There are 2 protein chains.
Amino acid sequence: MRYFMALAETLHFGRAAERMNMSQPPFSRQIAMIEHTLGVKLFERNSRNVALTPSGKHFMKDCRNVLGQFEEACRDVRLVASGMKGELRFGFMMHAAHSVVPQLVQLYAEARPDVRLVLDERTPTEIDEMLVAGTLDAAVTFDCGYAPHLQTVLLARERLRIIMRKDHPLATVGQIGPEELRGEKVIAAPAATAPALRSAINSYFSARGIVPHVVLEPRLQHTIIQLVAKGLGVALIPASLCTEPGAGLISRALTDAPQLDVVLRAPITTKNPAVSTFMEIGKSIQRTLL
Amino acid sequence: MRYFMALAETLHFGRAAERMNMSQPPFSRQIAMIEHTLGVKLFERNSRNVALTPSGKHFMKDCRNVLGQFEEACRDVRLVASGMKGELRFGFMMHAAHSVVPQLVQLYAEARPDVRLVLDERTPTEIDEMLVAGTLDAAVTFDCGYAPHLQTVLLARERLRIIMRKDHPLATVGQIGPEELRGEKVIAAPAATAPALRSAINSYFSARGIVPHVVLEPRLQHTIIQLVAKGLGVALIPASLCTEPGAGLISRALTDAPQLDVVLRAPITTKNPAVSTFMEIGKSIQRTLL
DNA sequence: ACGATCAATGCTTTCAGGGTATCAGATGGA
DNA sequence: TCCATCTGATACCCTGAAAGCATTGATCGT
C-alpha cells in the first residue's frame, strides 16, 4: 500500500521507487503484483506517462485512510505503553469521596488527559477483592495493614468524629469519649464491609474496657448517616464527612479520637503503565497528617 | 497485524499459528518481532498461559479497525473496477433535461446505487469538449455527426416545433413552414453553442431558399423561451420542451419539421468501468423514434 | 532520424520468514 | 515427590519473495 501511494502521488516509477528507498525495476514489479493480486488495473501507463485509473483514484483515498489508521495505531500503542493514553480503573470508598478523591482525579486528568479514568465507588472490602482480582488498577481505601502484593501511598490521616441528632442528650456534653458513649446505641458498618474502620471503632471502646452497643450495621456510609438522622443511634465517622452534616445533625470531636489512614493502593505487579504516575500524583497530594 | 490478532483472539501460540497456516516457532518469533519493533510488550506470557497487556488490549481494537478498513479497501477497489461502485460524471444539455435524462438517471441509480452520479448541465459544445477532455464520463447531447473517438447510443429523435406568443399573428395560421416564417424574427442558439440544433434550423430554411432572420442568439435554451415570451421573436425548439409552454406561449407543429437525434455519448477509450452499464441502460430506454 | 526518458524484462543475489528438532518452565495427577 | 504433558522459546536450516543490476523497448522532443 505504501508503494501504491508513492506511485499514486508521484505518478513516476523512478521517483516513487526512490521515495521507497529502492530501485525502479523491483518497484515496477511490486506495482504489477498489487494489480495482479487485486485483479484491478490501478494505473494507466505507457512508457511515457503514468495516470491513475478511476479504480486507482478510489483506492488511493482508501489507502490513505488505512495507512493513516495504521500509523495512528502504532503511535497509540506506544502512548498506552508509556501511560500517556489508555484506561485506568479507579476504585474508591465513599469515605474518601469528599476528601482526597476529587483532587486526585482532577490532578490526574490534567496530567494525563488521554487516559480514561473509570471511577468505581465501592466498599473497602470490595475494593480489596477487586485489587487482587485485577478488576481495579488502583483504589483509595483505609489502610488495613498487611498487604504484601500491594503498593501503598498514604494520602491522609483522618480522625473519627461522632455524629448525632441535634436533640440528642450528648449534643450538650463538652468532651465525648468512650465512657460518655457507654450504653449509647451505635450505628457502624459491619467488619466484613469496612474492616479497618470497624476495628478502629471497636478498639476505641475496648481500650477502655467498654463494649459498644452496636444496634445497626448498614453496609453503606450513606445509610448510616440517614439512620442517625432518624434518631436510631449515633455514629463514628471520618471527619471529612462531617463538614456538612445533614439537617438536624451535629458532629463533635472525640477525646483521643481514633485515626484512620486513607491510602492509595495498587497491585505491585500491575501491568497498566498509567498507574505509576497516578501513584506519583497521590504522593504529591499527601494531606497534612492531622 | 493479522498474526497479532490471531494470538490476541486465541491467547494460544499453537492455535494462533495454526489459524495463520504456519507452525508455532516462526509464529512466536513474529510476535516477538512485532513487540520489538513497536517497543511495546503486547502479551504477558509464561510457559503456561498468555494474556494481553493493557497496551495489547488497546492495540487489538485499533488492529481490528485497521484490518477491517484494509479488507474493505480491497473489496471496494474490485467493486469500482467492476463498475458497481464509484463515480460517473454525467453531462447533459438542457434540451434533454425533460425527456430522456430523468429516466436514464433513475434507472441507472436503481441499477448501480453505489455509483455516485455527478450531474452537469451544459451546452452541447461544452459537452463535446468535456467528453474529449475526459472531464465527463458520458453525456446526452444532439448527434452532431462525425465523432470517431466517441461511442454513441441513439436515445430519441425529436422534431422541432415553433413556439411563439399567443397573440402572435402566426398563432392563427394552420400550417407553418419556412415560407410562413419568411421575414419573421427568429431567436436561436448560436452555432458555436449548439451546432447540431442551429444547423438543423438553418437548413430547414435554406432548403427552401430562405434566409432566416435571426435577431437574437442567446446561449441558453432557457433564455430563448423567455425572450419569445417577451415578444422579441419566435423560436424553433425540440418538441419535448413544448409540453408545458410558459404562460402566454403556444407551440405549433412545423410542416416537414426538422428532426434531431438525441444521443448518449461516451469516449470509447473510457477507463471508467461504470460507463458500460450506463450505456446499456441508454440502449434499453431508446424511445420510439417518432 | 536520433537521442533522451521511462517503464518493463531477464538474471542474479540476499535475507526475511517459514519449517523441523529441541529445550525449558509450569502444571497436575499418580 | 516425581513424571508425563503441555506450551512457549531457541537453534539451525532452507526456500523463495523481493531487491539490485543490466538491458530492452517504446515514446517524445529536437
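Ala, Val, Leu, Ile, Met, Phe, Trp, Tyr, Cys and Pro count as nonpolar, Asp, Glu, Lys and Arg as charged, and the others, Gly among them, as polar. By these classes, the surface near DNA strand D has 8 nonpolar, 10 polar and 5 charged residues. The model is predicted, with local features needing pLDDT of at least 70 and side-chain atom pairs pLDDT 80 or more, while totals for chains, interfaces and linings use all residues. Residues are numbered from 1 along each chain, chains are lettered from A in the order written, and side-chain values use heavy atoms, without hydrogens or water.

DNA strand D is surrounded by 23 residues. Each is near the strand, with a heavy atom within 4 Å of it. The closest are A:Tyr3, A:Ser23, A:Arg29, B:Arg45 and B:Arg48. Helix H3 (24-38) of chain A supplies at least two residues of this surface, as do helix H2 (13-19) and helix H3 (24-38) of chain B. Helices are DSSP runs (H or I, at least four residues), numbered from the N terminus. H3(A) gives the most, with 5 residues.

Of the strand D atoms within 4 Å of the protein, 65% belong to sugar or phosphate and the rest to bases. A backbone N or O atom of A:Ser23 lies 2.7 Å from a phosphate oxygen of the strand. For A:Gln30, a side-chain N or O atom is 3.5 Å from a phosphate oxygen of strand D. The side chain of B:Gln24 instead places an N or O atom 3.0 Å from a base nitrogen of strand D.

The structure holds 0 disulfides (pairs of cysteine sulfur atoms within 2.5 Å) over all chains. For B:Cys74, the nearest cysteine sulfur is that of A:Cys63, 7.6 Å away. B:Cys74 is buried (under 20% relative accessible area, 1.4 Å probe, protein chains only), at 10%.

Terms used: A polar contact is a pair of N or O atoms within 3.5 Å; within protein, one must be able to donate a hydrogen and the other to accept it, and residues adjacent in sequence count only if both atoms are side-chain atoms. Buried means under 20% relative accessible area, exposed over 50%, partly exposed in between (1.4 Å probe, protein chains only).
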